[in-house]
Amino acid sequence: MKIHEFQAKELLSDYNVPIQRGHVVYSSNEIEKTIDKVQNEFNSDAVVVKAQIHAGGRGKGGGVKYCPSTESAIESANEILGMNLITHQTGEEGKLVNQILITEALDIEKEFYFALMFDRAKNADVFIVSTEGGVDIEEVAEKTPEKIVKAWVNNDTYPLDDAINTIINSLSLNSFNDAFEIFENIYNCYSNSDCNLLEINPLVITEDQKIIALDAKVDIDSNALFRQEKIAKFQAVSLVPGRGDALTDPRQINDAIELTEDFVTSTFKSVSKIAHAGGDLKEAMSSCRDECDKKFSDYAIYEHCLPFNVSRAFDEAKGIDNPRIWTAERDKEMWNLLQ
Ligand code: ADP
Ligand code: MG
């Protein structure tokens with residue numbers, strides 16, 4: 001299961017890994033106060049506005065903007081929130097940006113590539129690092145493969161300490177006293193969170209000589225979600241069928257209605273009936289929301305009352321249906337189309 005950058009950073013932060021700090025915005029009326037909050041809290045007039053979608057390459061696609069002033073930050077935030085972002089990883093149809101992260105701007109001295117994943121061939125976790133960070137690692141692998149360094153970890157044959165020392169040497173971080181602890185904490189985060197992949201691109205050295213995770217991409221093993229209470233809740237704002245893409249296609253709308261129909265309670269069945277019959281959907285949805293509040297508040301992130309979507313997914317690990325509900329003012333497309 002993919003999670004967003006801001007969620008991945010929250011996990012890293014729980015393990016005391018220094019991250020580029022910021023706050024998430026879900027709706028345009030939160031933009032100004034959030035920019036103000038970021039500027040004050042992190043003592044940074046310049047901020048960076050970052051689209052939160054489940055795909056990389058956002059910078060090149062126009063989804064990451066450095067904003068030197070409050071005015072430019074407001075302009076970029078309004079532009080990026082709600083945009084259809086196309087990157088080399090989204091496909092040509094792009095992804096609708098339902099939330100943005102507004103972060104402190106950092107003065108960067110160096111950008112590294114960092115990743116942790118499982119290497120099946122060696123039956124070990126592998127650190128992959130490169131001094132060529134911030135850019136497409138695929139390009140580095142193709143053009144200058146010697147700039148990519150790997151170090152394996154496995155309880156029996158490859159000790160964690162050796163792997164960490166290898167990457168510290170290859171990135172010339174020997175003079176950073178906290179480097180070992182940071183990499184150890186990242187490894188623990190990766191391992192304890194059941195990550196398939198934890199990628200930090202770039203991991204930076206700032207001009208004031210701090211190691212900071214500027215970006216983060218995390219893929220979690222879905223079968224392990226039953227023991228990842230915190231991460232399972234991230235699903236409430238994660239991509240499920242029909243979300244993240246603008247619902248303009250009638251088939252998607254039908255799918256969404258079908259998912260709604262599928263939802264277990266009779267209240268939800270009546271919503272789609274009302275939708276099909278052109279009845280008072282707003283009223284029906286609001287009563288459904290009350291029902292959901294009672295039943296699924298743990299899964300819900302309620303920023304705004306309406307509209308909301310519901311869906312369920314089969315949780316293989318638990319062998320039960322796992323209901324999901326999420327709301328966002330940004331789901332207006334669906335709402336308008338259902339009116
Ligand atoms: P993506 O990988 O999706 O393109 P990143 O978060 O890696 O998005 O951002 C792309 C680039 O934007 C970074 O490599 C960095 O050069 C720049 N950038 C992002 N955040 C900041 C920041 N807070 N301060 C300065 N530059 C930044
Ligand atoms: Mg990146």
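Two strands are said to pair if DSSP finds at least two bridges between them. Keep that in mind as we walk through this predicted model, starting with strand β8.

On one side, β8 pairs with strand β9 (residues 124-130) in the antiparallel sense, over seven bridges. You can pick out one of these partnerships yourself: Tyr 113 has Ser 130 in β9 as its bridge partner. Four residues lie between the two strands of this hairpin, and Asn 123 takes a positive phi near 50° there. Strand β8 also pairs with β11, again in the antiparallel sense, this time over eight bridges. Here, look for Phe 112, which stands opposite Leu 203 in β11.

Next, let's turn to the nonpolar residues. In soluble globular proteins, nonpolar side chains tend to be buried together. The largest nonpolar core in this model has 41 residues, and Leu 12, Phe 114, Phe 127 and Leu 173 are among those with the most contacts inside it. Helix α7 (residues 179-192) gives this core its largest share, seven residues. What does Leu 12 touch, leaving aside residues up to four places away in sequence? Its contacts include Val 17, Ile 19, Ile 186, Leu 198 and Ala 216. Another core, of 19 residues, lies apart from the largest one, and includes Ile 31, Ile 53, Leu 85 and Ile 102.

Finally, find the largest pocket, which holds about 920 Å³ of space. Of its 37 lining residues, Arg 58, Gly 134, Asn 201, Pro 202 and Asp 215 are the closest to its centre. Our strands return here, since β8 (108-119) and β11 (195-206) are among the elements that give two or more residues to the lining. By class, the lining has 16 nonpolar, ten polar and eleven charged residues.

Methods:
Residues numbered from 1 in each chain as written. Chains lettered and ligands numbered in written order. Predicted model: local features only at pLDDT ≥ 70, side-chain atom pairs only at ≥ 80, totals over all residues. Heavy atoms only, no water. 1 Å grid on protein atoms, 1.4 Å probe; cavity = no way out; pocket = protein on both sides within 12 Å on 5 of 7 lines; lining within 4 Å. Points joined across faces, edges and corners; volume = space filled by probe spheres on them. Nonpolar A, V, L, I, M, F, W, Y, C, P; charged D, E, K, R; others polar. Core = buried A, V, L, I, M, F, W, Y, C linked by side-chain atoms within 4.5 Å. Buried < 20%, exposed > 50% of the residue type's maximum accessible area, 1.4 Å probe, protein only. Contact = heavy atoms within 4.5 Å.
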